[in-house]
Amino acid sequence: MFSKIKLYEQRYRELNEYRLEKAQEFVNEKGKLFFNLVPLMLHLNSSAVPCALAGDVPHGICNFKLNDIQRRVLDDYSEATALVIDTNTTEESILGLYCMGSTASVGQSPNSDFDYWVCVSEYMPDERVRLLEKKCKFIKEMAASSEYKLDVNFFIVKTDKFKKRHNTEEKNPDERMDSGMGVDEENCGTALHMFLLDEFYRSAICVAGKLLTWMIVPCSHEHDYDEYVQKLYAKRIISRDEWLDLGAIGDIPSDEYYGAALWLLYKGIDSPFKASIKILLMETYSAEYPQTQLISMRVKDWMQNNEGYSLNLDSYYMVFEKISRFLRNHNDYERLELLRICFYLKINEGFSKISDPVAQSARRTLINNMIEAWGWNMETVSRLSNRNNWNIVDVVSIYNRVFNVMIQSYHALLTFGVEYKVTDAISYRDLSVLSRKLFVVFDKFPGKIQQYLLSSKLNLAEKQLSFVEVRDSTVLRKGWYVYNKALNDLSIIGTPPIFYFDNLVSAVATCYFNALINHKTVINVHSANSSLTSERVKLICNELKSQFVNYPAEVGNTSLLGVTSVKNVFILVNYSSDPTRKHKFQGAMGRVPMSTFSYGSSKECLVGSIAAVLSNSWNELICYNYEGPNAMVDFLNEMSHLFVPGASMPDSAYVMDFSAHMGDAMIKPDVENLLSLCMNNLNKKLLTSKSITIGGVDYVLQFNSRAMNLVRAEEIKEKNPIKAEILSSGEANRELVPSIIEANCMYGLTQYFFVKNDNDTYQIFNSSENQELRIYDNFKASISELILDITSYYTRSQSQFSKEKEKHRYRQYFNLPQFFLVDVSNNTISPL
């Protein structure tokens, strides 16, 4: 039963030493130095060593032994400070330091980050953990300095973190709603748990401290892991002083798959290629459920039963191979090709910067073998290898393919979640945060300015951009076509445009916010409208730069859980259609009614075109454009959906007027005043109205605590934009909707508000995308089960919707319902 443990231990030690060497092959000399400094700085908390802190800072790594590099560094520090540095600390608060992820795999490059797990006792007090976190933060900042230029991340892990995975099952279902630790840039909250341990075990390098017990336990004893490990200790085959037990992986519960999918999609915002591989792995795993063959188990099995090193021990390569088999078995060659692209980009990244000649030669051989096996031609290889020279056409093409991969995998995992009735692997709060972030980045609706976030390192600025308007054509759609060529470039004929829009402002804004335009870009405009010139486009770009100087802003979880609010407003008046051109204003000033919105005896509205570019508190960019005699009416109707009553005033609101006449004197001030009036009344939730005549038609702008409405004066009546429909009996006042609910009902979202009654039942207010409200009385069952059922319903609806590819204003890939708990007596609301 234990006869091979020593053999497994020997092979594990050999693998760990091999990985330690490989980890340092892909970094320069400074990188190697810092890799060896990290355990030294954590082991010692001496003023002679960098990043030392005052106080009871946890330090001392179990069984720490200096290597030659660390010994030389300490000698240098001792000489520089004239201090004697004692490495034999009596404290051993850190049980082990491990590096995980792509380090030491074929996925590592000189640009790769280092992810460290600092493992400590489950009994370490929170105050000491915070001190250790502070020290790790200092080390991270030191790594990022100009001297080292490394990206280093630390995760402090208590020994019982993965042994408590069933604890939430013992909770009351409604208590799970707030059990999440909260997601942020590096913390996955409740979204990932055992999959994180799977990734750790398949890639972990013990940099210092105790070795991992799991690595020497036979795969056949995963089901009775705890019992087996206790026998290893009891029989003194291994010692607790030398080995660290983080627990078994076992069978990962179905609940975790869905949360993992959302988290990986979220990470895909900044690392789309890496996240594409990981979410494909999640789909592959889910397809095997409940007999999932984890890669960590395969790596361990190969290590225990084979001599020497092989790609079967390379965690990154094994991920690629597993997904490849899955896609080939399903004849999914389109996504297989994208997987190969993502893998190639990863292993080829920084290839020329690999300092170790042996490592560079080995990487070159692997790349060449794969290119030959995949049947790629030199043109494909050259295009992918010159990623830094990609233009927007390349980026959009790859982005759309990555997006489709993520959506397909996401829906496969949604279907999995519904089939296996996923419940509590991710808290509802974390679910709301993650789905909202994904909605902001990936979801599409009319007016939204799409940003193609493949890499911040790419320079996408074009030398030439041509905006071409098509009006009367039997071949092309009416609208604006954008080309990255000059108008006199003959190759523009037959070249597909990089973008198409129905209006110029959307085209310009999309190019600007995707960094296609800089001060060197030559702008060309071809239009039958003589007022639309390259100079006008440049003016718009300059104003976009000025008005959105703080975009994108930092968006916290609180903002995402709440109602969106407009942060910046940029209005363009008469930029394309200008009624003032045909009017003779001189001498007529005192004889005609003076109103921008209903001018002269003809009562014409002098706003012939109006466009609005906005950013909101979720960092979405939106552009709306209206032209013709009803442009102002359409604009005001759109405003009623964009500006939420009670929301804070925008950080900036600017009107840019292009009128040939009366712009500064009348039109711009009138539009500014009207915009200001609407925003102020909505901000203060005033119950008031404003009469306004537009194009000879009398309207009334109605304001209340819920919304703004523009109605014809002749149709005036009490209009409640939130229509309450009573669906069940009850003694409550059914016509009264709490003001805090009215204030938080948001256009475009489905929301559920739970109000607890005195008899321990709930009154539920369900607000639809169109702000229609239904009230359900005396709900007595479990809230968490109801939320699960509602989420499952929307999940199924989204999957069906994706298959049918219907067109809709809000294409809700990720726009899941929001849930809130309302305390009417205290007038408070909190997300569930």
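Here is a quick tour of one sheet, its covering helices, a few buried residues and the confidence of the model.

What you're looking at is a predicted model, and its chain averages a pLDDT of 85. The main stop is an open sheet of four strands, in the order S13-S12-S11-S14. After that we'll look at some cysteines, a glutamate in a helix, and two stretches with low scores.

**The sheet and its edges**

- The four strands line up as S13-S12-S11-S14, and their pairing is mixed.
- Strand S13 (621–627) and strand S14 (652–657) are the edge strands; each has a single partner strand, so one side of each is left without a neighbour in the sheet.
- On average, neighbouring strands of this sheet are turned by 10° against each other, if you ignore direction.
- As background, strands of a sheet pair through backbone hydrogen bonds, and they can do so in a parallel or an antiparallel way.

**Following strand S12**

- Strand S12 covers residues 609–616 and runs antiparallel to S13, with seven bridges joining the two.
- Want some pairs to find on screen? Ser 609 has Glu 627 in S13 as its bridge partner, and Ile 610 stands opposite Tyr 626 in S13.
- The hairpin of S12 and S13 has four residues between the strands, and Asn 619 there takes a positive phi near 70°.
- S12 also pairs with S11 in the antiparallel sense, again over seven bridges. One pair to look for is Ile 571 with its bridge partner in S12, Ala 612.
- Is S12 buried or exposed? Eight of its eight residues are buried, so to speak a strand that is mostly covered.
- That goes for both faces of S12: one side has Ser 609, Ala 611, Val 613 and Ser 615, the other has Ile 610, Ala 612, Leu 614 and Asn 616, and all are buried.

**Helices lying across the sheet**

- Helix H17 (residues 534–547) lies across S11 (566–573), S12 and S14, and runs at about 160° to S11.
- Helix H19 (residues 631–642) lies across S11, S12 and S13, and its angle to S13 is about 155°.
- S12 therefore turns up in both lists, as one of the strands that H17 lies across and one that H19 lies across.

**Cysteines**

- How many disulfides are there? A search of the whole structure turns up zero.
- Take Cys 206, which is in no disulfide: the nearest cysteine sulfur belongs to Cys 119 and is 9.3 Å away.
- Cys 206 is buried, with a relative accessible area of 7%.
- Cys 605 is buried too, with a relative accessible area of 7%.

**A buried glutamate**

- Glu 283 lies in helix H8, which spans residues 272–288.
- Glu 283 counts as buried, because its relative accessibility is 7% and the cut-off for buried is under 20%.
- Which residues does Glu 283 touch? Leaving out residues up to four places away in sequence, they are Phe 326, Arg 335, Ser 409, Ala 412 and Leu 413.

**How confident is the model?**

- Across the chain, 87% of the residues score a pLDDT of at least 70.
- Over residues 718–734 the pLDDT stays under 50, and the model has 41 contacts for them beyond four places in sequence.
- Residues 801–812 also have a pLDDT below 50, and this stretch has 25 contacts in the model beyond near neighbours in sequence.

Technical notes: Residues numbered from 1 in each chain as written. Predicted model: local features only at pLDDT ≥ 70, side-chain atom pairs only at ≥ 80, totals over all residues. Heavy atoms only, no water. Pairing = 2+ DSSP bridges. Axes fitted to C-alpha atoms, helices over the stretch in contact; angles between N-to-C directions. Contact = heavy atoms within 4.5 Å. Buried < 20%, exposed > 50% of the residue type's maximum accessible area, 1.4 Å probe, protein only. Disulfide = S-S within 2.5 Å. pLDDT = per-residue confidence, 0-100.
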